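Work through the three exercises below with the model open beside you. Each task is followed by a solution in steps.

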Amino acid sequence: MIIKYRQEPVKIAGYEALLKRLPPTHPKRHAVKRSLNSAKAGFGGEERLDEAMEFFAPPYAHQIIRDFSLPAPFKIQVDTVVLTQSCVFLLEVKNITGKLQFKKNPSALHSVLADGKIMSYKSPVTQMNETTMRMYAFLKMLACRLPIISLIVIAHPSQIVEDAPHNTQVLSAGEVNYYLSKMKLAKPILSIEGLHRLGQAFLDAHRDYQPFPLAPKFQIEISEIETGVFCPRCLLVKMVRTHVAWECETCRLISRNAHSEALNDWFMLIKPSITTAECRDFIGLKNLDNAKHFLLKSGCKPVGSRRYRHYIREPLEK
Ligand SMILES: [Zn+2]
């Protein structure tokens, strides 16, 4: 039974907003684009695993948590967790193009592209070992004695994998359902109620991974980021403020709330708080009163005394 589904990672929208607001010749565009592509590929791989497990009906009770993450002190991110009465499966999906080679001493994952170029990534084996250790610490906190079995899943069946380590199970997404369904599980440690309680404890502890703000991560200054409200239809064209709304002079689209997206961009890119002056300047509002009204209407909360007042937005969901 699936007890938590997967959503598109918020960082994809964040990278897209950052690209929209960086000038075409900005030197960091390449790095941001690379991050965007890798986030999209990662999500694509996870969706392939979800599809491959759509008809997962093993002969044992289980709970599936897609995209599980815990903040500090555990700092865990797992693509898919399968809880059973006998063990916990951790599935980590890799969606990397090229021929994959597992390297040792030191561990790394190389992908050899069609043109012979080699890209190097952190070894998924090292990553899984770290995640497994942290997950054991989390289970210990829950007073749960289940053993952990980790699997590395390659998103595409056509992917060539070389030198997969002997002590790590590497499967293609299409194999996972059969592999897990046929697995002989050890004698149950948890009762069915215990399994359900464990699933609930995972859901209670889960916090969506929070990657924002993005600009400091790329060492991009606020001054390098384009301000203003962009047309949702023309995408790269800025809108002008008319008396009551925003208007695109290219496509003539009129919108009353196009500036809400600009405020989202601020929180995704720049910092988790905003002052009325910053809001006025970033969005292009007429005055501080307009900015204050807009911030309050957008669900932002004032913090701090009058002189140092700034606004924050509480996360809408966990
Ligand atoms: Zn337009």
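**Exercise 1: a strand pair**

Task: In this predicted model, describe how strand β6 (residues 108-112) is joined to strand β7 (residues 118-121).

Solution. Begin with the direction: β6 and β7 run antiparallel, and 4 bridges join them. Next, take one position in the pair: L109 stands opposite Y121 in β7. Last, look at the connection: 5 residues lie between the two strands, which form a hairpin. In its turn, G116 has a positive phi of about 90°.

**Exercise 2: a helix crossing**

Task: Find how the axes of helix α2 (residues 29-52) and helix α4 (residues 173-182) cross, and which residues make the contact.

Solution. Step one is the geometry: the two axes come within 8 Å and cross at roughly 40°. Angles under 35 degrees count as roughly parallel and 65 to 115 as roughly perpendicular; α2 is therefore oblique to α4. Step two is the hand, and the crossing of α2 and α4 is right-handed. Step three is the contact: α2 supplies R48, L49 and A52, while α4 supplies A173, G174, V176 and N177. Sorted by class, the residues of this contact are 4 nonpolar, 2 polar and 1 charged.

**Exercise 3: two domains**

Task: Locate the domains of the chain and describe the contact between domain 1 and domain 2.

Solution. The domain assignment gives domain 1 as 2-205 and domain 2 as 227-313. Taken over C-alpha atoms, their centres are separated by 37 Å. Domain 1 puts 6 residues into the contact, and domain 2 puts in 6 residues. On the side of domain 1 that touches domain 2, the classes are 3 nonpolar, 1 polar and 2 charged residues.

Note on methods: Residues numbered from 1 in each chain as written. Predicted model: local features only at pLDDT ≥ 70, side-chain atom pairs only at ≥ 80, totals over all residues. Axes fitted to C-alpha atoms, helices over the stretch in contact; angles between N-to-C directions. Parallel < 35°, antiparallel > 145°, perpendicular 65-115°, else oblique. Left-handed = near helix turned anticlockwise from the far one by under 90°. Contact = placed C-beta atoms within 7 Å. Nonpolar A, V, L, I, M, F, W, Y, C, P; charged D, E, K, R; others polar. Domains from an automatic or database assignment. Pairing = 2+ DSSP bridges.
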